[in-house]
Amino acid sequence: MIRQKLTQKVLDLPKTDLARVGVLIALLLLGAVLSPGYLSVGNMRIILLSVAGIGIVAYGMTLVVISGEIDLSVAGIAVLSGMVGAALLPSGSAVLVISATLATGICVGFINGILTSVIGIPSLITTLAMLGIARSLANILSGGQAAYPDAMPEYLWFGSGTLFGLATPIALLLIIGLCTIVLTQYSAFGRALYATGGNSRAAVLSGIPVKAVKITVFMISGFLAAMMGMLESARLSYINPAAFAGVELEVLAVTVLGGAALAGGSGSILGTLVAALIIGVVNNLLNQLGVSIYVQQVVTALVILAVVLPGLRSRIFAK
Amino acid sequence: MKLTRRTMLGGTAASALATLTAPNFAWADSHGGMASIHTHINTLIAQYAGTAGDMPNASVKALYDRDGFRDYLEIYPTGELVDGFVWEPGMGAEFEGPYSKLAIKAPFTDYIPLAEGEVLNPDKTYRIGFVFHGFNHPWLVSLADTVAWEAARHPNIELEVIDAEFDDNRMGQVIDTWITKQFDGILLWPSREAPMGPPVDRAIQAGIPVVSLDRRTSSSSISSEVLGNFYANGLQQGLYLKEVATGGNMVLNRKDLGSTADSIRTGAFLEVIGHEAGFEVAGNYHTNSQRSMAFDATADALQASDSFDISFNTGGEEALGALGAIQEADRMESGDSGKIIILANDDAKEILAKIKAGEIDMVAPYTPLIGDIGLRALVGHIGAVEGMNEAPPKLILTPNLPMVTREKMTIEGIETLTPDEWPYAYGPVVSEA
C-alpha cells in the first residue's frame with residue numbers, strides 16, 4: 001500500500017523534475033566511474049555542504065519567480081544582514097545577533113515587496129537598486145572591515161554544528177526545503193502563489209490578495225538570503241562585507257535550471273533542490289578531476305543549457 | 001617579429017630594467033652597506049632563477065613550463081632600494097588608520113623620507129588625487145590609510161580620495177577629471193595593467209606627475225612605480241617547504257590566471273621546490289582570492305585524495321579558505337609530516353593569529369602599508385616639475401620582507417620572525433585560538 005502510494009507520488013512529479021533527477025543520477029554515476037570514492041558518504045556530505053547556502057536562497061528565489069517577480073537583491077541582503085549582525089557581536093548576545101541578522105533580511109524583503117507590489121516599480125528595477133543600496137549600507141556600517149564571530153559558538157553552529165545528526169547547513173537545506181514544498185504544494189498560500197504568477201489579473205478577480213502574496217514571498221526570500229549569509233559566514237568564521245559577489249545570478253541560474261519560468265506561474269522547490277545538487281555534483285567532480293575553474297564555468301553553463309533546453313522546447317511547442 | 005607572450009611581456013621589461021640604473025633619489029638619507037635581508041633575498045632569487053631550467057622534479061617542471069612562469073619571472077624587477085636604504089624589523093611609524101580606524105605600524109615610513117610640515121613651496125596648496133578600488137577590502141583600506149596618513153602630515157597638501165569600485169572606466173574618468181582640474185599630482189592603485197595606460201599618459205602629457213602603487217600600468221611614461229615583493233614571497237614559501245619537508249602531495253590555491261601575484265609568487269615557489277624530487281602537484285586551482293572558492297576547492301581535493309600533505313596558497317584569503325576546509329574535514333593531522341603544511345601570503349592579523357595557533361605554518365608578508373612611499377615620491381616629482389629638487393627614480397622597489405613562522409628559524413640565511421615580532425600586520429584583530 002505504502003509502496004503504491006510512493007510510486008503514485010513519484011509518477012505525479014512533473015516529467016521535467018524526473019528528467020532532472022535522471023540527470024543528477026547520471027552525473028553521480030559518471031563521477032563514480034571517473035573518480036574512485038566519489039559516491040562515498042564523505043563526498044556526498046561535501047557536495048551537500050557546498051550547495052546548502054545557494055540552495056536555501058534559491059528556494060526563496062523560486063517562490064519569487066513563481067509569483068512572476070524576480071529578486072536580484074539576495075546577495076546584497078546576505079551581506080547587509082551579516083554586517084548588521086556583525087555590528088552587534090560586541091554585545092555578546094547570540095540571540096540578538098542572530099535575530100537581528102534574520103530580521104534585517106525580512107525587513108529588506110518587505111521593502112522590496114512594498115516597492116514592487118504596492119508602488120508598482122518592476123521587481124527587476126526594485127531589487128537591482130536594493131542590491132546596490134544593501135551592499136553600500138553594509139560597507140558604511142562595517143567601514144569596509146570584516147568581522148569574526150569566533151567567540152560566539154551559537155553563531156558558528158549554523159556553519160559547523162549538527163542538527164538531527166546532520167551538519168547544520170545540510171539539515172537546514174532539507175528542513176527548509178520540506179517546509180517550502182509543503183507551503184507551495186499543500187497549502188492555500190501555495191495555490192494563491194501559482195495563481196498570482198500564472199495570471200495576476202485573474203487571481204485578483206478571484207479574490208486572491210496578490211499584493212500580500214508578493215510581499216510575503218519577498219519577505220521569505222529576504223529571510224532565506226539572510227539565512228544563507230549567516231550560514232556561509234559561520235562556516236568560514238568570517239563576516240565579509242565584500243562577500244557573495246555575483247551570487248544573485250548563480251541563484252537565478254539554479255532556479256531556472258530547477259524549472260521555474262521567469263514569466264511566473266511555474267516552478268517547483270524539488271526542481272530547485274535537484275538543480276542545486278546538479279551544480280554541486282558538476283563542480284565537485286570537475287574539482288576532483290583538477291579541471292580549471294575557467295573550464296568549470298563553461299561546463300556548468302553548458303549543463304544548465306542542456307537541462308533547460310528540452311523544457312523550453314516543450315513550452316514553445318505547447319504554444 | 002613573432003608575437004609571443006615573452007615578446008609582449010618583454011616590452012614592459014625593457015622599460016623596467018632601464019630604470020633600475022636610474023640615478024638615486026637625492027633627498028633620501030644613505031644607509032650602511034651591510035648585507036640586508038633585501039639583498040640576501042635578491043641573491044637567493046638570482047640563485048634559484050639561474051637553475052630553474054634544470055629542475056629535476058618532473059611534476060613541478062610540467063606545471064612551471066605549462067603556465068610559462070619563467071616568462072613572467074624574467075621581467076619582474078628585483079634590485080636595490082632607492083639610495084641604498086636598508087630596512088630592518090622594528091622600523092616605521094605607528095598611527096591610527098584614518099579610514100579603517102585600526103592601529104597601524106607602517107614599516108617603510110623612513111624610506112624616501114619627507115619631514116613633517118609644509119612641502120615644497122609653503123605658500124602653495126598642493127592638490128593631489130588618490131584613486132584606487134575597494135574601501136571594502138582590508139588590504140586596500142590599509143593602503144589608503146597610509147596615503148591619507150602621509151598627506152595629513154603636510155598642511156599644504158590637499159588630498160582627494162576616490163574609490164573607483166573595480167571599474168577601470170571609472171578610474172579613467174576620475175583621472176581625466178583631475179587633469180581638467182589641473183591637480184598637482186596623481187597617485188593610483190590600478191587593478192589591471194592595460195586600461196590605465198592611456199589616462200596616465202594623458203596626465204603626464206598635461207604635466208601632472210603620476211605614481212602607481214603596488215601594481216603597474218601599461219604607461220611607459222609614468223613618473224614612478226612603487227612595487228612590492230612578490231618574488232620574495234613565493235621564494236620564501238618554497239624555502240620554508242624545502243626546510244620542513246622532503247616531499248608530499250601539494251594542492252595549489254592560486255589567484256587569477258595571468259595576474260602578477262599569481263605568476264610571480266607561484267613561479268618563484270615552483271623554482272625552489274622543483275629542485276626536490278619528492279613533491280608532487282596533486283591539485284592546481286585558481287580560486288581567485290575568494291575564501292569560499294578556496295574552501296570548496298580544498299574540500300573537493302581532500303575527497304579526491306587520501307594523501308594530501310601540503311596546501312600552497314598565493315594569498316591569505318586562499319590560505320584561510322583551505323584551512324577551513326581541512327579543519328571541517330578533520331584532516332589537519334593527516335599529512336605525511338604529521339600535519340598538513342599550509343603556506344600563506346599576505347600578513348593579515350587573522351593569518352598571524354592562525355600561525356600563532358599552529359594552524360597555518362608560515363606567511364610571506366606582502367604589506368599594503370606602502371601608500372606613504374607613493375605620496376612622498378609624488379611630492380618629489382612635483383618638486384622636480386617646479387625645479388625644486390631632483391626627480392625620484394622611476395622604479396621604487398619596496399624592501400623584501402622576511403617570512404613569519406611560529407617558531408624562530410634560520411632558513412638559507414633568512415632569519416624568520418615570529419608573529420609577536422611582526423607588528424606590521426594589517427586588518428582587524430581576531431581572537432587567538
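## Close-up views of a predicted two-chain model

**View 1. Helix α6 of chain B rests on its sheet.** Helix α6 (residues 168-180) of chain B lies across three strands of that chain, β3 (126-132), β4 and β5 (185-188). The helix runs at about 175° to β3(B). As in every view here, what you see is a predicted model.

**View 2. The parallel sheet of chain B.** Welcome to the sheet beneath that helix. Six strands of chain B, in the order β4-β3-β5-β6-β7-β13, make up an open sheet with parallel pairing. Its edges are β4 (157-163) and β13 (395-397) of chain B; each has a single partner strand, so one side of each is left without a neighbour in the sheet. On average, neighbouring strands are turned by 15° against each other, direction ignored. For a closer look, find strand β6 (residues 210-214) and strand β7 (residues 224-227) of chain B, which run parallel and are joined by 4 bridges. One pair to pick out is B:L213 with its bridge partner B:V226 in β7(B).

**View 3. The mixed sheet of chain B.** Another open sheet of 6 strands in chain B follows the order β9-β8-β10-β11-β12-β14, and here the pairing is mixed. The edge strands are β9 (278-286) and β14 (404-405) of chain B, each of which pairs on one side only. Strand β8 (residues 247-254) of chain B pairs with β9(B) in the parallel sense, over 8 bridges. Along this pair, you can spot B:N249 standing opposite B:E280 of β9(B).

**View 4. Two helices against the mixed sheet.** Helix α10 (residues 291-304) of chain B lies across β8, β9 and β10 (310-313) of chain B. Its direction is at about 150° to β8(B). Helix α12 (residues 349-356) of chain B packs on the sheet too, touching β11 (341-345), β12 (362-364) and β14 of chain B. The angle between α12(B) and β12(B) is about 150°.

**View 5. Where chain B touches chain A.** Here 27 residues of chain B are in contact with 26 residues of chain A. On the chain B side, α5 (138-152), β9, α10 and α11 (316-328) each supply at least two residues. Helix α10(B), already met in the previous view, gives the most to this side, with 10 residues. By class, the chain B residues that touch chain A divide into 12 nonpolar, 10 polar and 5 charged.

**View 6. A helix crossing in chain A.** Now turn to helix α8 (residues 168-185) and helix α9 (residues 188-198) of chain A, whose axes come within 5 Å and cross at roughly 70°. The two helices, α8(A) and α9(A), are therefore roughly perpendicular to each other. From α8(A), the contact is made by A:L183, A:T184 and A:Q185, and from α9(A) by A:F189, A:G190 and A:L193. This contact of α8(A) with α9(A) has 3 nonpolar, 3 polar and no charged residues.

**View 7. Chain A in full.** To finish, step back to see chain A, whose secondary structure comes to 14 helices and 2 strands. The radius of gyration of chain A is 20 Å, close to the 20 Å that the globule rule gives for 319 residues, so chain A is as compact as a globular protein of that length. Its C-alpha trace spans about 60 × 55 × 45 Å along the principal axes. Of the 319 residues in chain A, 50% are buried. Among contacts in chain A with a separation of 6 or more, 78% join residues 24 or more positions apart.

Conventions:
Residues are numbered from 1 along each chain as its sequence is written. Chains are lettered from A and ligands numbered from 1 in the order in which they are written. This is a predicted model: local features need pLDDT of at least 70, side-chain atom pairs count only at pLDDT 80 or more; totals for chains, interfaces and linings use all residues. Two strands pair if DSSP finds at least two bridges between them. Two residues are in contact if their C-beta atoms, placed from the backbone, lie within 7 Å. Axes are lines fitted to C-alpha atoms, for helices over the stretch in contact, and angles run from 0 to 180 degrees between N-to-C directions. Angles under 35 degrees count as roughly parallel, over 145 as roughly antiparallel, 65 to 115 as roughly perpendicular and the rest as oblique. Ala, Val, Leu, Ile, Met, Phe, Trp, Tyr, Cys and Pro count as nonpolar, Asp, Glu, Lys and Arg as charged, and the others, Gly among them, as polar. The radius of gyration is taken over C-alpha atoms; the globule rule is 2.2 Å times the number of residues to the power 0.38. A residue is buried if 20 or more other C-beta atoms lie within 10 Å of its own, exposed if 12 or fewer, and partly exposed in between; C-beta atoms are placed from the backbone.
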